[in-house]
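Subject: Structure handover

Hello,

Here is the structure we talked about handing over. Please open it alongside this email; my notes follow below.

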Amino acid sequence: MAFRGWKRLLHVGRQHTFAKAWRSRRGGPSLRWKHCCHWSTGKSLDPEVRAFLEENTEVTSSGHLTPEIRLRLLTPRCRFWREKPDLWPYGDPFWAIYWPGGQALSRYILDNPRVVKGRSVLDLGSGCGATAIAAVMSGASQVLANDIDPIAGMAMVLNCELNHLNPFPITIKNIINSEAGNWDLIVLGDMFYDEQLADGLHHWLRKCIRIQETEVLIGDPGRHQFLSHSIRSHLHKVIEYSLPEYTRQENNGLTSSIVWSYQPSNSLEN
């Protein structure tokens, strides 16, 4: 019963609870690298939260597309996978699942380091931080991870430690609809699960491309909400990956995940 509760929360409820949270936290003023909230290794993390996360997640690198990256995730061997979801003491742990769109982005970056090498990268809706970690491993000059959940930010620091990396800057705010930042590349995975959020992303990403000439890569396993949205006509398929069996089971039988390049037409931009 508890297991089914977590599956419902993390896979079906994501469309409603997380999208509502993104919409409720309106974007603020222009975001610059030097103004970001920054976690550093060790003592800056709340020791109680660190202990809780270390006790109630599993360090794993198997069952996903990127065995090079070790992550703290919620797995069937964790206590809270079996507990009722409302016993989890923090916000819904969407960051504790390595979603298939993020897996595809991370795999693509690791296999094609030229995509990020020497460039500034924003990982939007970073979650566990895997794609940001892949960008650092592949030589990005600057990496900023963004998520609206402060516990996700703390988990990212722990995941950097697992991979012997200095923590990258992490901002905990909704930057969608804020002023377009000066990034060379924006990456986002598994974000198109709500029509209103998708509309906001479509508009904001288009603005970033128009003003800053930012490149945008999107990872998604082909969810209906993504493929049926108008943004689909502005996407160019980059690569498709077959998902490992474990990830398929976690995601209701989805078999593959795709990296898309977002290239809106000039007529739409104007």
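The lining of the largest cavity has 11 nonpolar, 6 polar and 4 charged residues. This is a predicted model. The cavity's volume is about 220 Å³. The structure holds 1 cavity of 30 Å³ or more. In total, 21 residues line the largest cavity. Nearest its centre lie Trp99, Gly125, Ser126, Gly127 and Gly189. Two or more lining residues come from each of helix 2 (14–24), strand 3 (120–124), helix 6 and strand 6 (185–189).

Next, the sheet. It is open and built from 7 strands, in the order 5-4-3-6-7-9-8. The pairing is mixed. Strand 5 (170–171) and strand 8 (235–242) are the edge strands, each pairing on one side only. Strand 7 (residues 215–220) and strand 9 (residues 256–262) run antiparallel, joined by 4 bridges. Isoleucine 218 has tryptophan 260 of strand 9 as its bridge partner.

Helix 5 packs on this sheet and touches strand 6, strand 7, strand 8 and strand 9. Its direction makes about 70 degrees with that of strand 9. Helix 6 lies across strand 3, strand 4 (142–146) and strand 6. Helix 6 runs at about 175 degrees to strand 4.

How do the two helices meet? Helix 5 (residues 100–111) and helix 6 (residues 130–137) pack at about 5 degrees, with axes 8 Å apart. So helix 5 is roughly parallel to helix 6. Helix 5 contributes Gly102, Leu105, Ser106, Ile109 and Leu110 to the contact; helix 6 contributes Ala130, Thr131, Ala134, Ala135 and Met137. By class, these contact residues are 7 nonpolar, 3 polar and no charged.

Best wishes

How values were computed: Residues are numbered from 1 along each chain as its sequence is written. This is a predicted model: local features need pLDDT of at least 70, side-chain atom pairs count only at pLDDT 80 or more; totals for chains, interfaces and linings use all residues. Side-chain values use heavy atoms; hydrogens and water are left out. Axes are lines fitted to C-alpha atoms, for helices over the stretch in contact, and angles run from 0 to 180 degrees between N-to-C directions. Angles under 35 degrees count as roughly parallel, over 145 as roughly antiparallel, 65 to 115 as roughly perpendicular and the rest as oblique. Contact means heavy atoms within 4.5 Å. Ala, Val, Leu, Ile, Met, Phe, Trp, Tyr, Cys and Pro count as nonpolar, Asp, Glu, Lys and Arg as charged, and the others, Gly among them, as polar. On a 1 Å grid over the protein atoms alone, a cavity is a set of points where a 1.4 Å probe fits but cannot get out, and a pocket is an open set with protein on both sides within 12 Å along at least five of seven lines; lining residues have an atom within 4 Å of a point. Grid points are joined across faces, edges and corners, and a volume is the space filled by probe spheres set on the points. Two strands pair if DSSP finds at least two bridges between them.
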